[in-house]
Amino acid sequence: MILSERKRSISDYERDQQPEVRVVPKRNCSSQPVPDFDCSAYFQSEIQTIKLSQLLSTHRYLLLFFYECDFTQDATRDVEQVMQHYTQFQQQQVIPLMISTDTPLVHRGFCSPGVPGALSTPPSFPMLGDTTRLIARHFGVLDDSSGMARRCVFLLDNQGRIKYSFTPLDKAQPYCMPLLLSMAT
């Protein structure tokens, strides 16, 4: 008798051994602009209100980098990676925005080099505090179980239309900055 080989199904696992299954919602690129929003942010050493339409009027593209929370290795890596490419973004009239559900006060601490676990230098771009979670919810990146944003990036043109979105499936995977820069040309 020949037994055919089969892959394990989810029912083959004990309840406590079942692998984590994540469903990442699909975000469509659309000709419809995203709704305008304003949000408190830590930017240029102060807490201020940032309005999407104002940024869209002065830049060709916006890159929205959603991340879980400040004072983590993942956040430090992502912010520093954007900082390393900031000059290239500026040359292409692209402004990066880092967005988490942390408050602007937490962002201020995270951007203060003297604070343990903080960034070594403050970024030259806004750190938005989506404390109401409305922005993360609109873009479909809010993790309802934790209340934090999932790591994701969106490229918006100056009309506010989503041109590109990317969700890394592996938290350790850095963003592909050459690809993001090429999308903004």
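Among contacts in the protein between residues at least 6 apart in sequence, what percentage join residues at least 24 apart? The share is 68%. The model under view is predicted, and the tour below moves from the whole chain to its cavity, a pocket and a series of single residues.

**The whole chain**

Begin with a cartoon view of the full protein. Its secondary structure consists of six helices and nine strands. The chain has 185 residues, and 42% of them count as buried. With a surface representation switched on, the accessible area comes to about 10700 Å². Carbon and sulfur atoms account for 50% of that area.

**The cavity**

How many cavities of 30 Å³ or more does a search of the whole structure find? The search finds one. The largest cavity has a volume of about 50 Å³. To display its walls, select Y67, E68, C69, T72, D74, A75, D78, R151 and K171. Colouring this lining by residue class gives three nonpolar, one polar and five charged residues.

Keep D74 in the selection and add A172. These two residues are 98 apart along the chain, yet their C-alpha atoms are separated by 7.3 Å. A172 is placed in the loop that runs between β9 (162-166) and α6 (177-183). Is A172 buried or exposed? A172 counts as exposed because its relative accessible area is 51%, and the cut-off for that class is over 50%.

**The second largest pocket**

Turn next to the second largest pocket, which has a volume of about 180 Å³. It is lined by 14 residues, and those closest to its centre are F37, D38, D130, L134 and I135. Selecting these five is a convenient way to centre the view on the pocket. Two elements give two or more residues to the lining, namely β1 (38-43) and α5 (134-138). By class, the lining of this pocket comprises six nonpolar, five polar and three charged residues.

**From β1 into the following loop**

Follow the chain onward from β1 and select Q44 and S45. Q44 sits in the loop between β1 and β2 (46-51), and S45 has its place in the loop between β1 and β2 as well. Which sign does phi take at Q44? The phi angle of Q44 is near 55°, a positive value in a residue other than glycine. For S45, phi is near 65°, again a positive value in a non-glycine residue. Q44 is exposed, with a relative accessible area of 58%. S45 is exposed too, at 62% relative accessible area.

**Helix α1**

Select S57, which belongs to helix α1 (residues 52-58). S57 is exposed, its relative accessible area being 60%. Display the side chain of S57 together with the backbone of Q54: the backbone oxygen of Q54 lies 2.7 Å from a polar atom of the S57 side chain. Then add G160 to the selection. S57 and G160 are 103 residues apart in sequence, and the distance between their C-alpha atoms is 9.7 Å.

**H85, between two helices**

Now move to H85, in the loop between α2 (73-84) and α3 (86-91). Is H85 buried or exposed? H85 has a relative accessible area of 17% and therefore counts as buried, the cut-off being under 20%. Show the side chain of H85 and the backbone of Q81. A polar atom of that side chain lies 3.0 Å from the backbone oxygen of Q81. Leaving aside neighbours within four places in sequence, H85 is in contact with M177 and L181.

**Q92 and its partners**

Keep L181 displayed and add Q92, which lies in the loop between α3 and β4 (94-100). Which residues does Q92 contact once its neighbours within four places in sequence are left aside? The partners of Q92 are R60, L181, A184 and T185. L181 thus appears in the contacts of Q92 and in those of H85. Q92 has a relative accessibility of 19%, so it counts as buried.

**A final view**

To close the tour, show H85 and Q92 together with Q44, S45, S57 and A172. H85 is buried, and Q92 is buried. Q44, S45, S57 and A172 are exposed.

Terms used:
Residues numbered from 1 in each chain as written. Predicted model: local features only at pLDDT ≥ 70, side-chain atom pairs only at ≥ 80, totals over all residues. Heavy atoms only, no water. Helix = DSSP H or I, 4+ residues; strand = E, 2+ residues; numbered from the N terminus. Buried < 20%, exposed > 50% of the residue type's maximum accessible area, 1.4 Å probe, protein only. Contact = heavy atoms within 4.5 Å. Areas by Shrake-Rupley, 256 points an atom, 1.4 Å probe, with all protein chains shown as cover. 1 Å grid on protein atoms, 1.4 Å probe; cavity = no way out; pocket = protein on both sides within 12 Å on 5 of 7 lines; lining within 4 Å. Points joined across faces, edges and corners; volume = space filled by probe spheres on them. Nonpolar A, V, L, I, M, F, W, Y, C, P; charged D, E, K, R; others polar. Polar contact = N/O pair within 3.5 Å; in protein donor to acceptor, adjacent residues only side chain to side chain.
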